[in-house]
Amino acid sequence: MTIRPLGLDPSHCLIDAEWRAPLSGTSLPLINPSDGSTLCDIASGAADDIDAAVDAARGAYNGIWGRSTALERGRVLARIGQLVLDHKDELARLEALDVGKPYKQAMADVVALARYMEFYGGAADKLHGETIPYLDGYTVYTLREPHGVTGHIIPWNYPMQIIGRSVGAALAVGNACVLKPAEEACLTALAFAELARRAGLPDGALNVVPGRGAQAGAALSAHGGVDHLSFTGSVGVGKLIQSSAAAHITPVTLELGGKSPQLVFEDADLAAALPFLVNAGIQNAGQTCSASSRILVHESRFEEVTSAMAARFEALVAGLALDDLDLGPLVSQRQKDIVEGFIAQGADLELAATGQIAQNAPSGGAYVAPHLFTCHDPQHSLAQDEIFGPVQVIIPFRDEDHAVEIANGTKYGLVASCWTRDGARQMRMARKLRAGQVFLNNYGAGGGVELPFGGAGMSGHGREKGFEALYGFSTLKTVAAYHG
Ligand code: ADP
């Protein structure tokens, strides 16, 4: 089977509104993680293609796109959002096949992508500067301006959501974009770019170059013609990108994952918490930056929470993405090997429960059954390292201070949640937890596009999503006029 997203040749790059073979002429196989088959070949873009894409983006920025009004940009984003919804079934199917995520989860990503276009389309003409009271004889004001050409290096776990939040916000401000999707999953990036073209996005305002990270990704992050970079992915690659961007002092937004805790206090409503405790760990088979991989429980309820979660875990089933079970496969055999390595490191912990793999799951698929461990050592690797698979640890705590010490005791700080009926404790926790987002008596708040998102420490820096992202994708100019 060769997949043709929206009828396109998937081995092409989009440069200056034209689908072209990569200049190198080489390609990479794209693997269906549900069964190990090859879906199609994709472009293996390299430095020459990135140069052409950056030139095209610069041309758009210096041309029609750069002169567009905020209203025009808002309208084109809204049209893209509508085309995304018009093609939602095809997009969800492409994402399920490519990433391995269950169809319903892929559909939720399509809806989120459309929502980002609506949100940033609506926000485009609401970003403005300020006037500043100053010395007698001066009028001072600020202008919010685009950076120019923005580079977007995105991962394979949520391609559509991450395109929506980064490319959507960048285009709303008036930047021209070069997008480098992940080599493991890039079909919806290609389809999105085609829909943007059909929606009337001017030539060169969005260019897409698939390829290996070490080639296309490295060329984009080192490119002197790029004025801002946003990256979502691993800590290791984030460090490489930040250091190569340093050569040109290119500003960088990094979102690098986490080890996000949910804190369950003695007064928690366990019936309300339970679905969130489990789902936040196994959604997208745990391959989520904001996955909740640590469940911290007051010692008085440790046994109760463990047995309630274990009962849920035992009923979880991983299978073919299009069968739409609790979990699909992991994205690749490589990812499966990494996760199985972590599970092996859990041999000295107590295994509270495992889920199942469906009987019809093909042997060539990258399936890993969900694993739930209890852990009394917060320094254990399973309690410290981002696993990026369906593995959760439950850790007991004595009191509030101890809970905060464990929660904040990793190198990450992306998301945290707290389950308690005590309003004063909710307020204390919201202040004390080291995280870019804190949820009280929920986890994720439905993933709203309106909610600024980003991390502290090794989770990265800068904020995406919400109106806040528009500040990151723009730069501020101060104008001081002396008129006497
Ligand atoms: P993961 O470990 O989750 O696969 P990565 O951080 O390796 O995530 O990849 C995220 C994105 O970064 C992908 O688009 C990948 O191609 C890209 N990438 C990987 N290595 C590099 C690199 N050296 N320079 C720039 N981009 C890279």
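**Close-up views of a predicted model**

The crossing of helices H6 and H7 is right-handed, a label used when the near helix is turned clockwise from the far one by less than a right angle (anticlockwise would be left-handed). This is a predicted model, so local features need pLDDT of at least 70 and side-chain atom pairs count only at pLDDT 80 or more, while totals for chains, interfaces and linings use all residues. Residues are numbered from 1 along each chain as its sequence is written, and side-chain values use heavy atoms, with hydrogens and water left out.

**View 1. Here is how H6 sits against H7.** H6 covers residues 159-173 and H7 covers residues 187-198; helices are DSSP runs (H or I) of at least four residues, strands (E) are runs of at least two, and both are numbered from the N terminus. The two axes are 9 Å apart, and the helices pack at about 45°. That makes H6 oblique to H7. An axis is a line fitted to C-alpha atoms, for helices over the stretch in contact, and angles run from 0 to 180 degrees between N-to-C directions. Angles under 35 degrees count as roughly parallel, over 145 as roughly antiparallel, 65 to 115 as roughly perpendicular, and the rest as oblique.

**View 2. Now for H4 against H7.** Helix H4 (residues 88-99) and H7 have axes that come within 9 Å and cross at roughly 155°. H4 and H7 are therefore roughly antiparallel to each other. On the H4 side, Leu-91, Leu-94, Glu-95 and Asp-98 make the contact (heavy atoms within 4.5 Å). Their partners in H7 are Leu-187, Thr-188, Ala-191 and Leu-195.

**View 3. Here we zoom in on the ligand and its surroundings.** There are 17 residues around the ligand (each with a heavy atom within 4 Å of it). Ile-154, Trp-156, Lys-180, Glu-183 and Ser-234 come nearest. Look for a ligand oxygen 2.6 Å from an N or O atom in the side chain of Ser-234. A ligand oxygen also lies 2.7 Å from a polar backbone atom of Ile-154. Over at Ala-218, a backbone N or O atom is 3.4 Å from a ligand nitrogen.

**View 4. Last up are two loop residues, Ala-17 and Lys-465.** Ala-17 isn't a glycine, yet its phi is positive, at about 70°. You'll find Ala-17 in the loop between strands E1 (13-15) and E2 (18-20). Lys-465 isn't a glycine either, and its phi is positive too, at about 75°. Its loop runs between strand E21 (460-461) and helix H16 (468-472).

Terms used: A polar contact is a pair of N or O atoms within 3.5 Å; within protein, one must be able to donate a hydrogen and the other to accept it, and residues adjacent in sequence count only if both atoms are side-chain atoms.
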